[in-house]
There are 4 protein chains.
Amino acid sequence: MSKKIAILGASGYTGAELVRLIATHPGMEIVALSGERKAGMAMGDVFPHLRHLGLPDLVKIEEIDFSGVDLAFCALPHATSQEVIKALPRDLKIVDLSADFRLRDPAEYEKWYGKPHAAVELQKEAVYGLTEFYREAIREARLVAGTGCNAAAGQYAIRPLIEAGVIDLDDIILDLKNGVSGAGRSLKENLLHAELSGGTYPYSAGGKHRHLGEFDQEFSALAGRPVMVQFTPHLAPFNRGILASAYVKGDPEAVYKALADRYASETFLEVLPFAAMPSTRSVAGSNFVHIGVSGDRIPGRALVVVALDNLCKGSSGQALQNANLMLGMDESEGLMLAPVFP
Amino acid sequence: MSKKIAILGASGYTGAELVRLIATHPGMEIVALSGERKAGMAMGDVFPHLRHLGLPDLVKIEEIDFSGVDLAFCALPHATSQEVIKALPRDLKIVDLSADFRLRDPAEYEKWYGKPHAAVELQKEAVYGLTEFYREAIREARLVAGTGCNAAAGQYAIRPLIEAGVIDLDDIILDLKNGVSGAGRSLKENLLHAELSGGTYPYSAGGKHRHLGEFDQEFSALAGRPVMVQFTPHLAPFNRGILASAYVKGDPEAVYKALADRYASETFLEVLPFAAMPSTRSVAGSNFVHIGVSGDRIPGRALVVVALDNLCKGSSGQALQNANLMLGMDESEGLMLAPVFP
Amino acid sequence: MSKKIAILGASGYTGAELVRLIATHPGMEIVALSGERKAGMAMGDVFPHLRHLGLPDLVKIEEIDFSGVDLAFCALPHATSQEVIKALPRDLKIVDLSADFRLRDPAEYEKWYGKPHAAVELQKEAVYGLTEFYREAIREARLVAGTGCNAAAGQYAIRPLIEAGVIDLDDIILDLKNGVSGAGRSLKENLLHAELSGGTYPYSAGGKHRHLGEFDQEFSALAGRPVMVQFTPHLAPFNRGILASAYVKGDPEAVYKALADRYASETFLEVLPFAAMPSTRSVAGSNFVHIGVSGDRIPGRALVVVALDNLCKGSSGQALQNANLMLGMDESEGLMLAPVFP
Amino acid sequence: MSKKIAILGASGYTGAELVRLIATHPGMEIVALSGERKAGMAMGDVFPHLRHLGLPDLVKIEEIDFSGVDLAFCALPHATSQEVIKALPRDLKIVDLSADFRLRDPAEYEKWYGKPHAAVELQKEAVYGLTEFYREAIREARLVAGTGCNAAAGQYAIRPLIEAGVIDLDDIILDLKNGVSGAGRSLKENLLHAELSGGTYPYSAGGKHRHLGEFDQEFSALAGRPVMVQFTPHLAPFNRGILASAYVKGDPEAVYKALADRYASETFLEVLPFAAMPSTRSVAGSNFVHIGVSGDRIPGRALVVVALDNLCKGSSGQALQNANLMLGMDESEGLMLAPVFP
């Protein structure tokens with residue numbers, strides 16, 4: 001029997017992506033969709049690409065009867081999310097896609113997000129949603145915090161290298177090229193087609209991007225000592241995709257082996273042959289991650305490049321993968337869709 | 001038990017799209033892939049987005065043992081296709097995606113394609129692949145000829161209007177905006193990103209596009225008299241999608257009713273509310289077609305706009321839909337993937 | 001000695017385009033720039049591409065001393081423009097880029113723009129700014145009303161055909177493909193890169209676009225009888241450019257001759273060889289217009305395709321061309337920049 | 001009196017860009033254009049955006065009478081260029097845009113380009129064309145070797161830092177995001193719109209890109225010791241622009257000061273306020289370079305980001321700037337065109 005699913009915040013891109021993925025999921029059924037400003041609208045009017053699906057209309061969250069709901073995806077803005085989740089039934093399984101429950105330390109949350117957390121007790125309960133590294137905890141979790149999309153890309157490149165002890169922990173540089181859907185459906189001049197297409201530029205440069213909080217938390221825990229990376233995202237004129245170029249110091253062969261070994265049995269993580277490089281186009285529209293490793297003419301340098309779809313594996317696909325685990329389903333259910341190319 | 005599928009010409013875009021669709025089709029299994037110049041290569045090297053699938057390597061057609069194959073998709077260039085198909089086993093079910101078997105009249109073929117047809121007897125046998133209008137014949141067919149992508153878009157707009165007798169048959173204008181994947185993986189200067197992005201222009205203007213042969217054949221047969229349309233495609237800087245703007249003379253309400261009635265029970269054809277207009281983005285990556293109808297301030301004028309994905313519904317999705325019928329499967333099997341947006 | 005120029009509404013795209021063009025104009029100097037919400041900012045902060053120019057900061061209009069100003073470009077939103085211009089010195093030369101003074105008949109203005117005109121007397125004074133057809137009047141004018149960008153594109157296709165009497169006046173269809181900068185710097189979901197890139201769709205379909213008011217006024221005056229065209233614009237994923245495909249009934253050779261003759265001595269209007277088709281990319285960034293004419297296999301049909309840059313020839317370039325005339329300068333001064341390709 | 005200019009290899013993008021720039025140059029006149037495969041064609045047929053200019057037709061190089069030519073731009077493929085230039089009159093001033101004369105050491109040339117140099121004596125004569133650093137030598141030169149576009153971008157970021165001694169010479173990482181016109185008009189699958197648009201990927205990763213030869217030569221000469229940088233370019237879906245993100249170790253304020261001081265009097269190089277970041281869109285279509293510097297939360301790290309237009313400042317604009325010097329003209333003549341935005 002199908003599990004009953006609610007999606008809160010369904011009028012944004014990650015909400016729409018969840019609907020797209022669940023549309024062909026054999027074990028889930030969407031029973032409620034919320035959207036504050038667009039409450040009352042048909043989902044097919046908000047997102048015409050979903051009009052063929054027999055979806056419930058958008059409602060306000062308070063109109064949803066959660067008694068029959070097995071799991072709720074929460075695709076709300078951060079800060080809002082913690083308020084909403086605090087008020088939901090305590091036995092409802094929740095996958096949160098916002099930033100609200102990613103950082104376990106309330107002080108770190110306040111440092112990066114600029115105000116105290118409103119649901120500190122839930123913050124403790126939440127399990128970090130990077131599936132391949134928290135799988136067992138996610139299976140048992142009630143509340144899972146989806147990772148930042150950049151944070152996912154960067155961690156797929158670096159975590160196995162820290163685990164294997166093959167790189168210099170004090171010299172990790174992450175240079176990311178980001179598709180624009182990561183910025184959401186925000187009405188900003190720099191996100192207009194007329195301004196974004198045809199070029200690229202860095203943003204949040206200088207160690208200011210909030211996903212650094214996740215890198216700090218995760219890499220330091222893994223290393224057992226503080227690890228700080230240098231991280232610069234660049235906005236580029238495509239809709240889906242993150243390409244993370246990680247510059248590390250270590251033996252390239254050891255770096256390659258650490259990644260290849262760690263991901264050998266992972267369904268969605270593909271380590272390419274040594275020196276082959278990934279492209280975001282080859283994963284767009286899918287839950288797959290392609291990873292390339294190269295050495296350099298300078299000995300002791302390695303380049304690790306990770307490509308993923310920020311909306312899918314970086315957000316909604318990851319969320320669904322986690323929900324599958326939480327509901328006792330096969331982890332890859334509904335997620336084997338091949339990338340769309342060209 | 002899964003049907004065994006061969007794809008001839010798998011190194012082009014329509015071949016890759018077939019693989020993408022069949023990847024999640026529960027009743028089909030790909031047993032052979034051919035690619036002349038790329039024979040010997042792994043499909044994942046030709047198309048890295050398909051590397052996670054356990055696909056057979058590309059081979060030359062003559063290396064394929066067709067004895068266990070239930071159906072072959074033929075995604076070869078026109079002219080080549082007729083030579084290849086002529087040499088295939090006569091009991092093999094075939095869906096051809098080329099232009100070779102679309103025109104029933106050898107003289108018409110020669111007129112539009114510039115040389116005599118090399119397999120005239122097969123030309124007679126072939127069933128035209130516009131599923132919603134040739135469904136019963138396709139079910140019984142051995143050889144189905146996929147339609148031109150422009151021809152599909154235009155016919156979805158116009159056929160019901162001819163059937164219902166609601167428009168002036170002598171004044172039909174089709175203005176198309178075409179994504180570039182319709183040109184295939186051709187190495188031409190005008191298809192380079194540097195030259196195509198950022199603008200648009202007409203091509204094959206002046207009644208010279210080969211898909212006119214299909215319009216003539218189909219519309220004239222339907223009307224029982226010669227019908228000629230004026231048709232201008234425009235190349236536009238996107239990868240997937242055809243938007244066909246059809247200017248017709250007739251009562252807009254009658255036009256709307258003819259389309260809405262005709263497609264009411266079709267799974268993939270969605271007629272939008274009157275005056276709502278479709279977008280190619282809302283069908284990209286899927287087998288769905290969105291159709292909008294509007295009147296004008298000038299009485300007796302109607303605008304019908306059809307949006308479809310040229311690679312999917314306009315080509316490989318249509319081919320799979322037909323294959324499903326030919327193999328006795330549910331017509332929509334493997335084709336219910338939702339469009340990808342944004 | 002340089003003429004002193006003010007640009008009102010300099011924080012929008014047409015304002016920035018005026019600054020770009022005037023930057024290399026030998027006879028003009030920008031002495032004032034206004035921007036309501038961005039008053040106080042440096043122009044180089046609003047538009048970093050202009051930061052190398054020694055431009056005045058943005059101020060509010062009321063802060064500008066117009067006594068030393070020779071000519072003001074008014075690049076404000078419609079409705080605002082009429083209020084602002086009404087309050088400017090009555091001897092100041094003005095080129096208005098808004099819609100406010102394009103329609104000479106107050107009733108037509110109210111019909112298309114939904115409220116009464118606030119400066120009816122100025123409406124009478126204003127000269128319509130389609131340079132090649134109103135050149136002498138523009139030379140003497142104090143107030144020139146820049147045309148709509150679609151209106152310019154359509155008129156370049158059709159006016160000579162009406163003048164020459166070579167087409168059926170009751171069957172003119174204009175199908176336009178429009179770059180997104182024509183929508184201005186508006187914060188709307190459909191103008192976001194994530195939503196606009198990768199596809200196309202019609203807008204203002206069904207005879208509802210306001211530029212129809214200009215077509216009606218101009219074509220009817222020219223023909224000496226009411227002329228109504230059917231006009232559908234389509235938003236397409238590029239920044240600069242309009243491609244107008246005009247479907248007319250008449251002898252293609254006569255159509256070609258009418259255009260070639262009419263534009264033979266025009267600096268910016270290039271009629272391509274018969275059957276050659278223009279591309280927006282070949283005029284982007286410039287004041288040039290390329291025009292192509294083709295016949296059809298259906299006798300008595302002609303296709304006229306016009307390509308221009310909506311921001312330049314369709315708006316700011318046209319404005320500068322008119323300002324040159326009004327100030328007694330060479331019409332093409334500052335406007336001979338070649339298109340940018342690729 | 002105008003200087004007489006020949007452009008060899010005018011059918012490629014850098015040739016067309018030279019024509020565009022010279023079109024409004026007051027002191028130059030194009031008297032000959034060569035194009036091997038397109039000899040006999042009108043330039044306006046090869047590049048319709050240049051059709052309004054009264055240009056000579058394309059001819060073969062051997063058809064050109066160089067006796068009246070003051071300067072030739074050589075925009076030919078590398079390897080071809082050295083053969084052609086060797087055969088040109090020895091008193092002809094030449095700006096070569098190929099890679100053939102960038103490396104002074106024949107062994108280095110052979111190492112990076114895979115075969116011995118065919119004009120070693122000219123290699124010695126050639127002056128490296130990075131104008132702001134070789135200005136005086138260029139003024140006296142007969143043969144100037146235009147820099148690689150990536151090499152220009154990287155050197156603008158790093159040279160002043162080496163000169164000022166403010167960074168660790170053994171830890172310089174250059175991560176570039178490159179527009180596709182840098183690849184020229186090459187017919188390759190990965191440059192097709194259908195394949196390049198919508199994503200990004202690294203190329204020539206692992207220390208294999210040929211522009212490394214230029215970095216090695218220039219940085220080592222400057223430092224007086226071997227300097228090797230790690231350099232990875234990424235192809236991104238835009239036509240014009242390079243964004244070079246340089247990760248260096250040094251005090252950010254000292255880094256900023258070194259750049260700001262060095263470029264304070266340069267017309268085309270703009271160092272933005274500290275922590276402000278450049279965008280390729282803000283320089284596209286122009287000869288300007290925008291440079292941003294930021295620190296990091298990790299002390300002793302600095303990020304320098306350089307944006308330039310690869311076709312203009314990275315190639316043809318640089319070439320024209322050098323030609324101006326060689327011909328005794330003002331260095332910025334014909335190059336003050338403002339960037340085109342949006």
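The exercises below work through the chain contacts of a predicted model, each followed by a solution in steps.

Residues are numbered from 1 along each chain as its sequence is written, and chains are lettered from A in the order in which they are written. Because the model is predicted, local features need pLDDT of at least 70 and side-chain atom pairs count only at pLDDT 80 or more, whereas totals for chains, interfaces and linings use all residues, and side-chain values use heavy atoms, with hydrogens and water left out.

**Exercise 1. Determine which operation lays chain A on chain C, and state what kind of axis it describes.**

Step one is the superposition, done by least squares on the C-alpha atoms of residues with pLDDT of at least 70 in both copies. A turn of 180 degrees with a shift of 0.0 Å along the axis lays chain A on chain C with an RMSD of 0.0 Å, and that is the relation of a two-fold axis. Step two turns to the contact residues, where contact means heavy atoms within 4.5 Å: 100% of those of chain A recur in chain C, so that the same surface serves both copies.

**Exercise 2. Describe the interface of chain A and chain C by its extent, its main contributors and its charged pairs.**

Begin with the contact count, in which 18 residues of chain A meet 18 residues of chain C. The two chains bury about 1,700 Å² between them, 53% of it on carbon and sulfur atoms; buried area is the accessible area (1.4 Å probe) that two parts lose on being put together, summed over both. L187(A), L192(A) and H193(A) supply 38% of the area that chain A buries against chain C, more than any other three residues.

Next come the salt bridges (a side-chain nitrogen of Lys or Arg within 4 Å of a carboxyl oxygen of Asp or Glu), of which there are six between chain A and chain C. In one of them E195(A) pairs with R185(C), the closest N and O atoms being 2.6 Å apart. Finally, helix α8(A) gives the largest share of the side of chain A that touches chain C, namely four residues, helices being DSSP runs of H or I with at least four residues and strands runs of E with at least two, numbered from the N terminus.

**Exercise 3. Characterise the interface of chain A and chain D in the same manner, and trace a salt bridge between strands.**

Start again from contacts: 49 residues of chain A are in contact with 49 residues of chain D. About 4,000 Å² is buried between these chains, with 55% of it on carbon and sulfur atoms, and Q230(A), Y247(A) and R297(A) supply 19% of the area that chain A buries against chain D, more than any other three residues.

For the charged pairs, the count between chain A and chain D is eight salt bridges. K249(D) forms one with D171(A), where the closest N and O atoms are 2.3 Å apart. Elements of chain A that each supply at least two residues to the side touching chain D include α9 (211–223), β10 (230–235) and β11 (242–249).

To trace the bridge between strands, take D175(A) and K177(D), whose closest N and O atoms are 2.9 Å apart. This pair crosses between chains, from strand β8 of chain A to strand β8 (residues 173–178) of chain D.
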